[in-house]
Amino acid sequence: MSLEFDVFWSFRSPYSYLAASRLAEIQRDYEVVVNVRPVYPIAVRAPGFFKKVNPLWPPYVLRDCARLAEMRGLPFAWPDPDPIVQNLETLEIAAAQPYIPRLTRLGVGAAETDHGVSFIDEVSRLLFGGTRGWDQGDHLVNAAARAGLDLAELEAAVASDPQRYEATIEQNEADQKLAGHWGVPLMVFRGEPFFGQDRLDALVWRMQKAGMAPSASGRESEAPG
């Protein structure tokens with residue numbers, strides 16, 4: 001029987017972006033089920049958050065993420081447009097948010113299929129990979145297609161019952177808190193939280209101790225050449 005773990009995920013989090021490809025590798029290489037559970041960014045969940053943090057923190061995060069992306073061979077640029085409409089001088093969060101509800105609900109829809117990890121990987125690459133105007137044209141359509149999904153079908157499902165998707169997001173946020181952390185990416189295995197893209201190796205170690213086995217793909221990659 002495959003093991004499974006939850007991953008609480010935000011489409012504005014650069015660290016979530018950096019974790020995405022590694023999550024895809026874990027899903028590919030091991031007999032494990034990854035339950036993607038999208039949540040709203042902390043800027044939406046706690047609008048005053050960025051006014052309380054040390055002002056040195058945001059620029060450090062950008063520097064750190066750019067460094068980690070380079071180390072992993074990934075492109076990195078802040079999304080244009082930003083998934084959160086926010087005045088970066090005053091740090092005020094706009095009342096109208098045209099991007100993040102759409103992305104998060106689509107993430108919920110994708111998570112209800114077998115392509116949740118692929119979807120967050122492809123969309124986060126689109127957001128943080130330097131694609132300007134990611135919300136325009138066929139960018140999202142193509143990203144969904146690369147993940148094995150039809151964007152029009154996802155959009156139609158969300159439009160048919162948006163409150164159901166909002167209820168799922170609210171439940172994800174409640175369960176995230178119960179797991180013992182507020183940040184993303186947060187992986188939870190058998191009630192044990194692993195916060196941050198730099199805890200994925202610890203997560204794999206823990207699941208291997210619990211009997212997680214390599215998948216056929218994983219066994220092939222380990223075979224001597």
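Let me start with one term: a residue is called buried when its relative accessible area is under 20%. Keep that cut-off in mind, because aspartate 64, at a relative accessible area of 12%, is buried by it.

Hello everyone, and thanks for coming. What you have in front of you is a predicted model. I'd like to walk you through its salt bridges, and then we'll visit its largest pocket.

Let's stay with aspartate 64. Which residue does aspartate 64 form a salt bridge with? The partner is arginine 67, and the closest N and O atoms of the two are 2.6 Å apart. Both belong to helix H4, three residues from each other, so about one helical turn separates them. Their surroundings are worth a look too: aspartate 64 is buried, while arginine 67 has 41% relative accessibility and counts as partly exposed.

How many salt bridges are there in total? The count comes to 16.

Another of them takes us across the chain. Aspartate 82 pairs with arginine 12, with 2.8 Å between the closest N and O atoms. This pair links distant parts of the chain, 70 residues apart: aspartate 82 sits in the loop between H4 and helix H5 (100-111), and arginine 12 in the loop between strand S1 (3-9) and H1. Are these two buried or exposed? Both aspartate 82 and arginine 12 are buried.

Now please find arginine 199. Its salt bridge is with aspartate 198, and here the closest N and O atoms are 3.4 Å apart. Arginine 199 is partly exposed, with a relative accessible area of 41%, and aspartate 198 is partly exposed as well, at 48%. Salt bridges can also share partners, and in that way Arg22, Glu25, Arg72 and Asp201 are joined into one network.

On to the pocket. The largest pocket holds about 860 Å³ of space. It is lined by 34 residues, and the closest to its centre are Pro14, Phe50, Trp57, Val61 and Trp78. What kinds of residues make up this lining? There are 21 nonpolar ones, together with seven polar and six charged.

Where do the lining residues come from? Four helices each supply at least two of them: H1 (14-29), H2 (42-45), H3 (49-52) and H4 (57-72). The largest share, five residues, comes from H4. We met that helix earlier, as the home of aspartate 64 and arginine 67.

So, if you'd like a place to begin exploring, H4 brings both of today's topics together: it holds that salt-bridged pair and supplies five residues of the pocket lining. Thank you!

Definitions and conventions. Residues numbered from 1 in each chain as written. Predicted model: local features only at pLDDT ≥ 70, side-chain atom pairs only at ≥ 80, totals over all residues. Heavy atoms only, no water. 1 Å grid on protein atoms, 1.4 Å probe; cavity = no way out; pocket = protein on both sides within 12 Å on 5 of 7 lines; lining within 4 Å. Points joined across faces, edges and corners; volume = space filled by probe spheres on them. Helix = DSSP H or I, 4+ residues; strand = E, 2+ residues; numbered from the N terminus. Nonpolar A, V, L, I, M, F, W, Y, C, P; charged D, E, K, R; others polar. Salt bridge = Lys/Arg side-chain N within 4 Å of Asp/Glu carboxyl O. Buried < 20%, exposed > 50% of the residue type's maximum accessible area, 1.4 Å probe, protein only.
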